[in-house]
Amino acid sequence: MKKLLSTLAILAMFVAPAFAQNMSGGYVNLISPTTVNPGDTGVMFTFYVYNGSPDTEWTKNVIFTFPTCFTVTAGSYNDGGLGWVFNFVAAGNVGSFLDGDGGWGEIYDGDGGYFYVTVDVGGGCPAGPAQVAWQQDGDVWGSPPHFITGVCDFTIGGTAVEPSTFSSVKALY
Ligand SMILES: [Ca+2]
Ligand SMILES: [Ca+2]
């Protein structure tokens, strides 16, 4: 199937040489939560992951990197019946969904679904704006780049969240 599609893509190249071929167009949206608090445990982050590759490159791995004060404890996904096979690996503040059946990637171009990553929020996490960095690795089909990255914003609650004058910040110490 992929070879047939590839042949069509090559034909398309002759017609339109500027046709982009890479993993661009993919994205990850954080659905929830918008705020966590230091010391929270078992917080499940829900993401929507979409593969927007224009050249039939399929997403092989999906990697989420939380702030270093977080600990990833579990991960799962809902492919809506598409039949993905990912193995989940937690390593400190990083949660990785890795292609579980070899061969080409799992999320076809034009497909998306939900990923769930459960974390413990360290009691020492600093309050304020925070980000989850994400990466989708493609299966190295066609032209590079074979990955796409981005960040999702959320907030760590607690004290000293709002912009403060220097004196008020200093007063905390
Ligand atoms: Ca490609
Ligand atoms: Ca695979």
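Strand S5 and strand S8 (residues 112-121) run antiparallel and are joined by 8 bridges, where strands are DSSP runs of E of at least two residues, numbered from the N terminus, and two strands pair if DSSP finds at least two bridges between them. This is a predicted model, in which local features need pLDDT of at least 70, side-chain atom pairs count only at pLDDT 80 or more, and totals for chains, interfaces and linings use all residues. Residues are numbered from 1 along each chain as its sequence is written.

**The sheet with S5 and S8**
- Within the S5 and S8 pairing, Val72 has Val119 of S8 as its bridge partner.
- These strands belong to an open sheet of 4 strands, ordered S1-S3-S8-S5, in which the pairing is antiparallel.
- At the edges of this sheet lie strand S1 (27-32) and strand S5 (70-78), each of which pairs on one side only.

**The sheet with mixed pairing**
- A further open sheet has 6 strands in the order S2-S10-S9-S4-S7-S6, and its pairing is mixed.
- Because strand S2 (35-36) and strand S6 (86-91) stand at the edges with a single partner strand each, one side of each is left without a neighbour in the sheet.
- S2 pairs with strand S10 (residues 147-156) in the parallel sense over 2 bridges, and Thr35 has Thr155 in S10 as its bridge partner.

**Strand S4 and its partners**
- Strand S4 (residues 59-65) is mostly covered, with 6 of its 7 residues buried, that is, with 20 or more other C-beta atoms within 10 Å of the residue's own, C-beta atoms being placed from the backbone.
- S4 pairs in the antiparallel sense with strand S9 (residues 128-138) over 6 bridges, and the bridge partner of Val62 in S9 is Gln136.
- S4 also pairs in the antiparallel sense with strand S7 (residues 94-99), over 5 bridges, and here Asn61 stands opposite Leu98.

Key: Chains are lettered from A and ligands numbered from 1 in the order in which they are written. A residue is buried if 20 or more other C-beta atoms lie within 10 Å of its own, exposed if 12 or fewer, and partly exposed in between; C-beta atoms are placed from the backbone.
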